[in-house]
Amino acid sequence: MATIRNLKIKTSTCKRIVKELHSYEKEVEREAAKTADMKDKGADPYDLKQQENVLGESRMMIPDCHKRLESALADLKSTLAELEETDEKEGPEIEDAKKTAADVEKQFPTEDA
């Protein structure tokens, strides 16, 4: 069924974006520590500036991930709602999708949550 297939795809998308977001958050922590270490050791100003640019780029990815996650969550919720309208309310894919939506909402509350 195409709707179940779409639900699986949207569930996987949410999970992937959550992993990506956590990866960027860890990267920002690593790069911030590296930048602080370079400042403490009195690194070359050019190298320090390059490292700060890397850190800035990493930080810019987090809001982008949040936006994509909110969009993916909205898509997932609308697909779940469509399935409930067609009286398909049970099954492993639907349970997985509901669990994923709940997990995402707990970690990153949206305006309507």
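**Close-up views of a predicted three-helix core and its salt bridges**

Thr11 is buried in this predicted model, its relative accessible area being 3%.

**View 1. Surroundings of Thr11 in helix α1.** Thr11, which lies in helix α1, is in contact with Leu76, Asp96, Ala97 and Thr100 when residues up to four places away in sequence are not counted. With a relative accessible area of 3%, Thr11 falls under the 20% limit and is therefore classed as buried.

**View 2. The largest nonpolar core and the contacts of Leu7.** The largest nonpolar core holds 21 residues, and the members that touch the most other members are Leu7, Leu69, Leu76, Ile94 and Val104. Two or more residues of this core come from each of α1 (2-40), α2 (45-85) and α3 (92-107), and α2 makes the greatest contribution, with nine residues. Leu7 touches Leu76, Thr79, Leu80, Leu83, Glu93, Ile94 and Ala97, again leaving aside residues up to four places away in sequence.

**View 3. The salt bridge between Glu20 and Arg16.** The closest N and O atoms of Glu20 and Arg16 are 3.6 Å apart, and the two residues form a salt bridge. Because Glu20 and Arg16 are four residues apart in helix α1, about one helical turn separates them. Arg16 is partly exposed, at 44% relative accessibility.

**View 4. The salt bridge between Arg68 and Asp64, and the network it belongs to.** The side chains of Arg68 and Asp64 meet in a salt bridge with an N to O distance of 3.3 Å. These partners, Arg68 and Asp64, are likewise four residues apart, here in helix α2, so that about one helical turn lies between them. Arg68 is partly exposed at 28% relative accessibility, and Asp64 is partly exposed with a relative accessible area of 32%. Through salt bridges that share partners, Arg16, Glu20, Asp64 and Arg68 are joined into one network.

**View 5. The salt bridge between Asp37 and Lys41.** Asp37 forms a salt bridge with Lys41, in which the closest N and O atoms are 3.4 Å apart. Asp37 is partly exposed, with a relative accessible area of 36%, whereas Lys41, at 65% relative accessibility, counts as exposed. The count of salt bridges by the rule applied here comes to nine.

**View 6. Confidence along the predicted model.** The average pLDDT of the protein is 86, and 90% of the residues score at least 70. Among the elements of the protein, α1 has the highest mean pLDDT, at 91, and α3 the lowest, at 86.

Methods: Residues numbered from 1 in each chain as written. Predicted model: local features only at pLDDT ≥ 70, side-chain atom pairs only at ≥ 80, totals over all residues. Heavy atoms only, no water. Core = buried A, V, L, I, M, F, W, Y, C linked by side-chain atoms within 4.5 Å. Buried < 20%, exposed > 50% of the residue type's maximum accessible area, 1.4 Å probe, protein only. Contact = heavy atoms within 4.5 Å. pLDDT = per-residue confidence, 0-100. Salt bridge = Lys/Arg side-chain N within 4 Å of Asp/Glu carboxyl O.
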